[in-house]
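Welcome! Here is a short, friendly briefing to read alongside the structure. Take it one topic at a time, and keep the viewer open as you go.

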Amino acid sequence: MRIMVTGACGFIGANFLYFLFGNNGVLDNAPELVVNFDKLTYAGNLDNVKALSDKFADKKQYVFVHGDIASKEQVEQTLKDYQIDTVINFAAESHVDRSIDDPTPFIQTNVLGTQVLLSACLKFGIKRFVQVSTDEVYGSLGKDGLFTETTPLDPSSPYSASKASADLLVLAFGRTYGLDVRITRCSNNYGPYQFPEKLIPLIFRKALAGEKLPVYGDGLNVRDWIYVEDHCLGVLLTLVKGKAGGVYNFGGSAERSNIEVVKLILKELNQPESLITYVKDRPGHDRRYAMDWALAHKELGYTPRWTFEKGIKATLDWYKKNTAWLESVESGAYLEFMSKWYGER
Ligand code: NAD
Ligand code: DAU
């Protein structure tokens with residue numbers, strides 16, 4: 001396999017590369033070539049994959065290309081130069097709050113970028129395309145029930161609307177042109193290298209510094225947390241064992257309210273609950289997500305390997321050892337957004 005993985009300098013993509021080159025229990029051998037194609041936005045960080053490039057670049061198994069999935073020229077050149085046969089698309093603008101602040105880059109990358117990739121895949125005879133999508137395309141659940149792959153798409157935010165649009169384009173390229181496409185839809189990931197705009201690393205960073213912890217609304221919104229490695233397992237199984245045109249849900253079966261998660265981090269850091277500050281709610285805030293991953297279990301043999309207790313411990317241990325990483329990713333653009341967004345709450 002000669003794979004182009006887009007967005008692999010970000011949180012999940014970087015973890016996916018380590019999983020791909022590690023002892024994952026799915027592949028007997030690492031792929032012949034992996035090209036990490038990333039635009040290096042505020043969320044992309046070459047240091048996230050440094051250990052991997054140190055180990056595999058010399059063996060000509062791993063290459064980094066600085067590129068934008070919305071650039072036809074850059075995408076086509078890369079597919080051609082490296083004789084790629086497989087594409088996995090992690091690249092996206094991924095933060096809901098930023099999409100509320102400004103939807104434009106979300107349409108540009110998540111919608112247009114996906115179409116540019118799909119068209120290039122057709123042109124260069126790519127054998128398999130995996131789109132990494134999200135449970136947010138289904139909208140919000142009430143108290144009961146789970147999202148299945150047949151739950152109607154009902155996105156709430158500009159981010160989730162852009163991901164749902166991309167999903168529809170991916171499926172259309174399968175039906176119209178016969179491209180072998182597959183979609184993974186996953187719940188909330190946590191783990192090493194997650195950018196500190198997302199709940200868990202944000203609360204960790206602020207709690208460590210003794211700062212106020214912004215909890216949206218009543219703090220009772222529920223997310224189904226999955227350790228990032230289990231998401232990587234789902235994506236790899238979809239690539240290897242999934243059906244063309246298939247859509248697969250992945251989750252961790254670990255529903256927790258936001259306030260539970262925040263209190264757990266405070267306990268781990270020995271910090272007081274008085275730091276918790278309830279702030280103005282996120283507009284269009286989805287109340288609850290929870291995934292039914294029975295189809296992935298049946299067709300792909302997927303079962304999460306990590307419990308929430310084990311995963312959150314590993315995650316918080318990683319952040320404790322890597323406070324320098326947290327500081328290093330806080331660029332000017334990040335600080336600007338944080339002060340604007342939280343300044344208004
Ligand atoms: P992230 O924001 O941490 O990383 C995104 C990466 O994509 C960065 O390296 C960035 O530089 C790159 N990128 C952005 N625009 C690009 C472009 N135009 N061309 C090339 N590269 C570009 O995101 P993440 O949390 O790792 O999410 C990865 C994917 O998984 C996304 O598609 C997201 O929608 C999906 N997803 C995320 C979660 C989650 O909980 N984080 C859950 C389900 C699905
Ligand atoms: O469900 C999958 C999705 O999970 C992915 O598709 C997205 O890319 C990813 O960002 C994530 O989206 P969420 O909006 O669920 O994640 P976030 O970490 O931003 O927020 C998690 C919950 O915590 C949500 O209910 C909002 C709340 N929250 C978040 C922040 C940043 C707060 O209460 N305070 C905060 O400061």
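## Around ligand 2

An oxygen atom of ligand 2 sits 2.7 Å from an N or O atom in the side chain of Thr134. Please keep in mind that this is a predicted model. The bullets below continue with ligand 2 and then move on to other parts of the chain.

**More on ligand 2**

- The backbone also takes part: a polar backbone atom of Tyr216 is 2.9 Å from an oxygen atom of ligand 2.
- The side chain of Asn258 offers an N or O atom that is 2.9 Å from an oxygen atom of ligand 2.
- On its own, ligand 2 has 690 Å² of accessible area, and the protein covers 94% of that.
- There are 25 residues around ligand 2, and those that come nearest are Asp135, Tyr159, Arg282, His285 and Tyr342.
- Sorted by class, this shell holds 10 nonpolar, eight polar and seven charged residues.
- At least two shell residues come from each of α4 (96-101), α7 (199-208) and β8 (213-216); the largest share, three residues, belongs to β8.

**Around ligand 1**

- Which residues come nearest to ligand 1? Of the 28 residues around ligand 1, they are Ile12, Asp38, Ser94, Tyr159 and Lys163.
- Tyr159 is thus listed among the nearest residues for ligand 1 and also for ligand 2.
- For Ile12, a backbone N or O atom lies 2.8 Å from an oxygen atom of ligand 1.
- For Lys163, an N or O atom in the side chain is 2.7 Å from an oxygen atom of ligand 1.
- Asn189 contributes a polar backbone atom, 2.9 Å from an oxygen atom of ligand 1.
- Of the 840 Å² of accessible area that ligand 1 has on its own, the protein covers 97%.
- Two or more residues of the shell around ligand 1 are given by each of α1 (11-21), β5 (128-134) and α6 (158-177), and β5 gives the most, with three residues.
- The shell around ligand 1 divides into 12 nonpolar, 12 polar and four charged residues.

**The annotated domain**

- The unreviewed UniProt entry carries the annotation "domain: NAD(P)-binding" for residues 4-314.
- Over residues 4-314, helix makes up 40% of the chain and strand 17%, while the end C-alpha atoms are 29 Å apart.

**Helix α7, a buried element**

- Helix α7 supplies at least two residues to the shell around ligand 2.
- Eight of the 10 residues of α7 are buried, so this helix is largely enclosed by the rest of the structure.
- The buried residues of α7 are Ile200, Pro201, Leu202, Ile203, Phe204, Arg205, Lys206 and Ala207.
- Their cover includes β7 (189-190), β8, α9 (258-268), α11 (308-321), α12 (323-328) and α13 (332-343).
- Just after α7, Gly210 has a positive phi of about 70°.

**Two loop residues to find**

- Is Arg288 buried or exposed? Arg288 counts as buried because its relative accessible area is 8%, under the 20% cut-off.
- You will find Arg288 in the loop between β13 (276-279) and α10 (294-300).
- The side chain of Arg288 reaches two backbone oxygens: that of Gly142 at 2.9 Å and that of Lys143 at 3.1 Å.
- Beyond residues up to four places away in sequence, Arg288 touches several others, including Ser140, Phe147, Val222, Arg223 and Glu255.
- Gly10 belongs to the loop between β1 (2-6) and α1, and this glycine is buried, with a relative accessible area of 11%.
- With neighbours within four places in sequence left aside, Gly10 is in contact with Asp38, Ala43, Gly44 and Asn48.

**Positive phi outside glycine**

- Most residues other than glycine have a negative phi.
- Tyr193 is not a glycine, yet its phi is positive, about 70°.
- Tyr193 lies in the loop between β7 and α7, and at 17% relative accessibility it counts as buried.
- Ser253 also has a positive phi, near 50°, in a residue other than glycine.
- The place of Ser253 is the loop between β11 (247-250) and β12 (255-257), where it counts as exposed at 52% relative accessibility.

Technical notes: Residues are numbered from 1 along each chain as its sequence is written. Chains are lettered from A and ligands numbered from 1 in the order in which they are written. This is a predicted model: local features need pLDDT of at least 70, side-chain atom pairs count only at pLDDT 80 or more; totals for chains, interfaces and linings use all residues. Side-chain values use heavy atoms; hydrogens and water are left out. A residue is near a molecule or strand if one of its heavy atoms lies within 4 Å of it. A polar contact is a pair of N or O atoms within 3.5 Å; within protein, one must be able to donate a hydrogen and the other to accept it, and residues adjacent in sequence count only if both atoms are side-chain atoms. Accessible areas come from the Shrake-Rupley method with a 1.4 Å probe; for residues, only the protein chains shown count as cover. Helices (H or I, at least four residues) and strands (E, at least two) are DSSP runs, numbered from the N terminus. Ala, Val, Leu, Ile, Met, Phe, Trp, Tyr, Cys and Pro count as nonpolar, Asp, Glu, Lys and Arg as charged, and the others, Gly among them, as polar. UniProt positions are given in the numbering used here, feature names are shortened, and annotations may be inferred rather than shown by experiment. Buried means under 20% relative accessible area, exposed over 50%, partly exposed in between (1.4 Å probe, protein chains only). Contact means heavy atoms within 4.5 Å.
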